[in-house]
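Subject: Structure for you to look at

Hello,

Here is the structure I promised to pass on. Please open it alongside this message, and my notes follow below.

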Amino acid sequence: MTSFSGNGFKNLSINADTQAMLEVARKRGIETVWDRLAKQQPQCGYCNLGTSCRICAMGPCRVDPFGDGPQTGVCGADANIIVARNLARMIAAGASSHSDHGRDILETLHRVGEGKTDFYAVTDSAKLKRLAAEYGIQADGKSDQAIAKDLASEMMEDYGMRRAKLPMAARAPKARQEIWEKTGVYPRGIDRENVEMLHRTHMGVDNDWVNILLHAVRTSLSDGWGGSMLATELSDTLFGTPTPKMSQMNLGAIKADQVNIILHGHNPMLSEAIVAASQDAELLALARKLGAKGINLAGVCCTGNEVLMRKGIPMAGNHLMQELVIMTGAVEVMVVDYQCIMPAVTKTAECFHTKVISTFDKAKFPGAEHISFDPARALEIGKIIVRKAVENFAKRVPDRVFIPVEPVPMMTGFSIEAILGALGGTPQPLIDAIVKGQIRGAVGIVGCNNPKIKQDLGHTELTKRLIENDILVVVTGCATVADGKAGLLVPEAAEKAGPGLRAVCRALGIPPVLHIGSCVDNSRILVLAAALANTLGVDISALPLAGAAPEWYSEKAVAIGTYVVGSGIFTVLGIAPPIFGSPDIVKLLTEGLEGVFGATFAVEPDPNRAAVLIRRHIEKKRAGLGLSAVEPEKIGMPESELALA
Amino acid sequence: MKTVFVHPERCIGCKQCESACAIAHSQTKNLFMAVFESPRPKPRIHAEPGLTLNTAFPNKCRHCDPAPCMAVCPTACIQRAIDYPDIVLIDAHKCITCGMCAMVCPFDVITYFPLAAAPERAVVAVKCDHCIERQRKGLGPACVESCKVYALEFGEINELVKSARTRYSEAVSVAVGQVSPQVTALPANVEAWRAYGAAVTHLNANGKKGV
């Protein structure tokens, strides 16, 4: 048997709730993501290596990685060109996903400016004014609504072709911007870079693989310093900039005695309206009449992260939990917006009373009921959906309800504004702690779940190894749920940190692992890194920082990793991207980029080894800044134990 | 004796041998038409995953001699082809679907499916026929033709063993410095990809190990 099946559920996940629900799946004969992965074995080696090309109809083509069979596609593209084109298209798809999400938020701001909404408003007026100043908009004496209209109109240009440079990229240190200009990757327009990427990777356009990959970096930067950053900033403006608060995590977020609505996807627009609708007196009364104690919301994936950060709504699980939450038998409605929603959820829902409701016209799911989301009637639609959930409570089969665990507490809400607030308004105390060596550096652990890695093992082990060694960790997306369930997102987790980080956390009353948001909120990492670099007057690549995506699966994660490296931050991937078919590209991404962007990628699935790579990198950067540093080679690398037990 | 010789270390699990096999045993002999046929043609070669990620073995009838399946078949429907005595064939019309051949097959490569050639039967025993139809036209087995990494080779067994043996002797000679290791080594990128797969597998099996 492969590692994906057999040997019990303990091999599939570190979590008790996942394992309990997999037992339910086995008993009831319900298929899960792990079963489907096992059925896909062996997965095509050409595709895994990145040397299959489906771009044109002279193909499909593949290059023999052993060197004896065909070495070029029909057009003559070799492994370098094919791998570069495939990787570039992954990055374009990922960047497009974040940026189109940002566009939806921007259109909502525009709608607020025009007064065409029953629900949305400017919540963080101060942030609106800061953004207006950044975009050169005269705000004096204007109402928030008028500023929103002008700002939205100006930001729409970020998506077009009029700009030579994206305005928010100017937040990066001067030295970083000079690197972008010198290498020709300064992002101009969000849609422009993505469309140009698709053009360049058409047969017979860009065939210089380095040139293809440079534009892929530019495309990713238009996401990190464009689409994603815009999504974060405007979601804060509309729904409130997050502040620290306590919440809960795991399947216990679903309540046996309440109407349960699962919020799944990535965009907070509809979920914010559902949060409001779930407090409607008439709907609450109806719920009580039907025997429920109340209306409970719980998040999955990044929609969950969005409402967790701003509203403290608990999260039921991360990516690999999406089918399993339905198997509790206590979910009346799963509302989905877009991204990372497996088409399988509607099949799972068929086994229970659960209704899956799709909401965005760009994301429909066979087997789901579609309620077309219209931001002009957001609250009205929110109420329609909540009503459906309440009415469906009557169809719940009590014997089938099984919620295997009690929820774990966690702390959320660490926007950059909140982090700076905790520090007293400036990054200086954080810098001082780093200079003194109390905190060696900071690492962003981000990205998805992937059933190829035991669920949450990569996230939690890496986090533990880093905080033990006095490295502050910030988390987004699925990593949040992993670390939250493991009890690492509470101030008491300072006990698990090294002495330096522990003292800082105790003094500030914060956890050693800070939840900073959803996957578009990885842009907050860029903002924090830029603020630290600007305070010190150095480039981001000089800082003792690193990124890690231990269990990534999606194209969006490839875009994130690329903009993080393109911004000067060393990044370790736990899953290999499809590039091994081109030794030249592996060498470029793992070594060559150092000389171009001052940062590289590494691939290391073992979190204990990844932690050592990161610690060595951080000590190297500390030495570069003239701070106390350990010789990187003195940090021992654990053996890679490849033999099977 | 002509056979399909497998080099499992070269198989990268693309399963093109499976689809080529199914097409070769279809009515239309065409990928895009074959997927619409009823009954759907089935592969008789099976690239199944190995113990660690990124490994696979294309398993098929080895055409044993003596063949255990022939020995136990109660209707004697499994016979050697008269014109190609190296090939063990099943006469679908005489098969009674008793399952005896599948039980004794040392390689577990006999499966039961509907067959267009035997429309009167619900399912019959199906296995590799070494593409005897193609061989009669001077072609080799479809799986071998489809394999772009030379994990499958078709030819006289002793010649194929000799060439594998030669590679082995070259590998041994590396120890005494007679040829460069590159002659026999897998490309470094493929080795790295396999090592990565093994690392993931190991990680999942022993989460805590390596601390």
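**A pair of strands to begin with**

In chain A, Ala549(A) sits across from Leu573(A), a residue of β15(A). Please keep in mind as you read that this is a predicted model.

The helix α22(A) packs on the sheet here and touches β14, β15 and β16 of chain A. Its direction makes about 155° with that of β15(A).

**The sheet in chain A**

How are the six strands of the open sheet ordered? They run β13-β12-β11-β14-β15-β16 (chain A), with parallel pairing. At the edges are β13 (513–517) and β16 of chain A, each of which pairs on one side only. From one strand to the next, the twist averages 25°. As you know, the strands of a sheet pair through backbone hydrogen bonds, in either a parallel or an antiparallel way.

**Around β15**

I spent most of my time on β15(A), which covers residues 570–573. On one side, strand β14 (residues 545–549) of chain A pairs with β15(A) in the parallel sense over four bridges. Besides the pair I started with, Ala546(A) stands opposite Phe570(A) in this strand. The connection is worth tracing on screen: β14(A), helix α22 (residues 555–566) of chain A and β15(A) together make a right-handed β-α-β unit.

β15(A) also pairs with strand β16 (residues 601–603) of chain A, again in the parallel sense, this time over three bridges. There, Thr571(A) stands opposite Phe601(A) in β16(A).

Which way do the residues of β15(A) point? Phe570(A) and Val572(A) point one way, while Thr571(A) and Leu573(A) point the other way. All four of these residues are buried.

**Where the chains meet**

Turning to the contact between the chains, 40 residues come from chain A and 34 residues from chain B. On the side of chain A that touches chain B, the elements giving two or more residues are α3 (45–49) and α23 (583–592) of chain A. Of these, α3(A) provides the largest share, four residues. By type, that side of chain A divides into 20 nonpolar, 12 polar and eight charged residues.

That is what I have for now. Do write back with your own impressions once you have had a look.

Best wishes

Terms used. Residues are numbered from 1 along each chain as its sequence is written. Chains are lettered from A and ligands numbered from 1 in the order in which they are written. This is a predicted model: local features need pLDDT of at least 70, side-chain atom pairs count only at pLDDT 80 or more; totals for chains, interfaces and linings use all residues. Two residues are in contact if their C-beta atoms, placed from the backbone, lie within 7 Å. Ala, Val, Leu, Ile, Met, Phe, Trp, Tyr, Cys and Pro count as nonpolar, Asp, Glu, Lys and Arg as charged, and the others, Gly among them, as polar. A residue is buried if 20 or more other C-beta atoms lie within 10 Å of its own, exposed if 12 or fewer, and partly exposed in between; C-beta atoms are placed from the backbone. Two strands pair if DSSP finds at least two bridges between them. A crossover is right-handed if, with the strands pointing away from the viewer, the path from the first strand over the helix to the second runs clockwise. Axes are lines fitted to C-alpha atoms, for helices over the stretch in contact, and angles run from 0 to 180 degrees between N-to-C directions.
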